[in-house]
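The report below describes a single protein chain for a reader who wants the criteria stated together with the values. Please read the text alongside the sequence and the coordinates.

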Amino acid sequence: MVQVVPGGQIADGTLVVHRDAVLGEGATARVYKGSLRRGGAVGDVAVKVALSACADGHDSQLDEKRRSQIAQDILHEAEIGARLPAHASLPAFVGWCASEAGPPLVAWELVLGDDLEALFRASRLKAGAAAW
């Protein structure tokens with residue numbers, strides 16, 4: 001299933017969230033692979049969406065106060081991301097969307113590779129330390 005989100009604060013682009021391409025999940029949000037179309041160019045992005053907005057029953061498990069807090073947290077991440085300077089060690093902030101029609105979401109440069117836990121375990125094993 002693909003959800004199309006109007007450009008919002010994603011600078012005159014169209015963001016397509018690929019709901020069948022989950023990249024990761026935390027306590028409050030899920031990250032999907034997405035595509036951002038700006039003009040004639042299309043690029044891959046990582047899109048963070050509140051779990052309360054995911055179509056697999058998480059919404060029914062959260063009260064309104066918790067849903068509101070999660071939405072505020074995602075918008076706060078967008079606010080911080082927008083102020084971050086470009087740096088080689090950080091994924092680039094792409095933008096955010098928020099509307100009454102859908103949940104707030106934040107888009108970041110898609111960085112392919114292992115997650116941090118896998119990298120940490122590999123470095124510990126290489127160094128001869130026991131995996132945690």
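What follows goes through the fold, the nonpolar cores, the paired side chains and the largest pocket.

**Basis and fold**

This is a predicted model, in which local features need pLDDT of at least 70 and side-chain atom pairs count only at pLDDT 80 or more, whereas totals for chains, interfaces and linings use all residues. Residues are numbered from 1 along each chain as its sequence is written, and side-chain values use heavy atoms, with hydrogens and water left out.

The protein has two helices and six strands, and from the N terminus on these elements run β-β-β-β-α-β-β-α. Helices (H or I, at least four residues) and strands (E, at least two) are DSSP runs, numbered from the N terminus. Of the 132 residues in the protein, 28% are buried; here buried means under 20% relative accessible area, exposed means over 50%, and partly exposed lies in between, with a 1.4 Å probe and protein chains only.

**Nonpolar cores**

A nonpolar core is taken as a set of buried Ala, Val, Leu, Ile, Met, Phe, Trp, Tyr and Cys residues joined through side-chain atoms within 4.5 Å. The largest such core has 11 residues, namely Leu15, Val17, Tyr32, Leu36, Val45, Val47, Val49, Val94, Cys97, Leu105 and Ala107. At least two residues of this core come from each of β2 (13–25), β3 (29–38), β4 (41–50), β5 (93–99) and β6 (102–109), and the largest share, three residues, is supplied by β4. A second, separate core of seven residues includes Ala50, Ile70, Ile74 and Val106. In soluble globular proteins, nonpolar side chains tend to be buried together.

Two residues of strand β4 may be looked at individually. Val45 is found in strand β4 and counts as buried at 4% relative accessibility; its C-alpha lies 8.9 Å from that of Leu15, although Val45 and Leu15 are 30 residues apart in sequence. Val49 is also found in strand β4 and counts as buried at 1% relative accessibility, with 8.6 Å from C-alpha to C-alpha between Val49 and Thr28, which are 21 residues apart in sequence.

**Paired side chains**

A salt bridge is counted where a side-chain nitrogen of Lys or Arg lies within 4 Å of a carboxyl oxygen of Asp or Glu, and by this rule the count comes to four salt bridges. Among them are the pairs tabulated here.

| Pair | Closest N to O distance |
|---|---|
| Arg30 and Glu25 | 2.8 Å |
| Lys48 and Glu77 | 2.6 Å |
| Arg83 and Glu79 | 3.7 Å |

The pair of Lys48 and Glu77 links distant parts of the chain, with Lys48 in strand β4 and Glu77 in helix α1 (residues 64–83), 29 residues apart; Lys48 counts as partly exposed at 25% relative accessibility. Arg83 and Glu79, by contrast, are four residues apart in helix α1 and are therefore separated by about one helical turn. Arg83 is exposed, with a relative accessible area of 59%, while Glu79 counts as partly exposed at 43%. In the remaining tabulated pair, Arg30 is buried, with a relative accessible area of 8%, and Glu25 is partly exposed, with 48%.

For aromatic rings, those of Phe, Tyr and Trp (its six-membered ring) pair if their centres lie within 6.5 Å, and planes under 30 degrees apart count as stacked, over 60 as edge-to-face and the rest as tilted. A search of the whole structure finds one aromatic pair. The rings of Phe93 and Trp108 have centres 5.3 Å apart and planes at 75°, so the pair is edge-to-face. This pair also links distant parts of the chain, with Phe93 in strand β5 and Trp108 in strand β6, 15 residues apart. Phe93 counts as partly exposed at 23% relative accessibility, whereas Trp108 counts as buried at 15%.

**The largest pocket**

On a 1 Å grid over the protein atoms alone, a pocket is an open set of points where a 1.4 Å probe fits, with protein on both sides within 12 Å along at least five of seven lines, and lining residues have an atom within 4 Å of a point. Grid points are joined across faces, edges and corners, and a volume is the space filled by probe spheres set on the points. The largest pocket has a volume of about 710 Å³, and of the 20 residues that line this pocket, the closest to its centre are Leu23, Val31, Ala46, Val111 and Asp115. Each of β2, β3, β4, β6 and α2 (116–126) supplies at least two residues of the lining, with the largest share, three residues, coming from β2. By class, the lining has 11 nonpolar, three polar and six charged residues, where Ala, Val, Leu, Ile, Met, Phe, Trp, Tyr, Cys and Pro count as nonpolar, Asp, Glu, Lys and Arg as charged, and the others, Gly among them, as polar.
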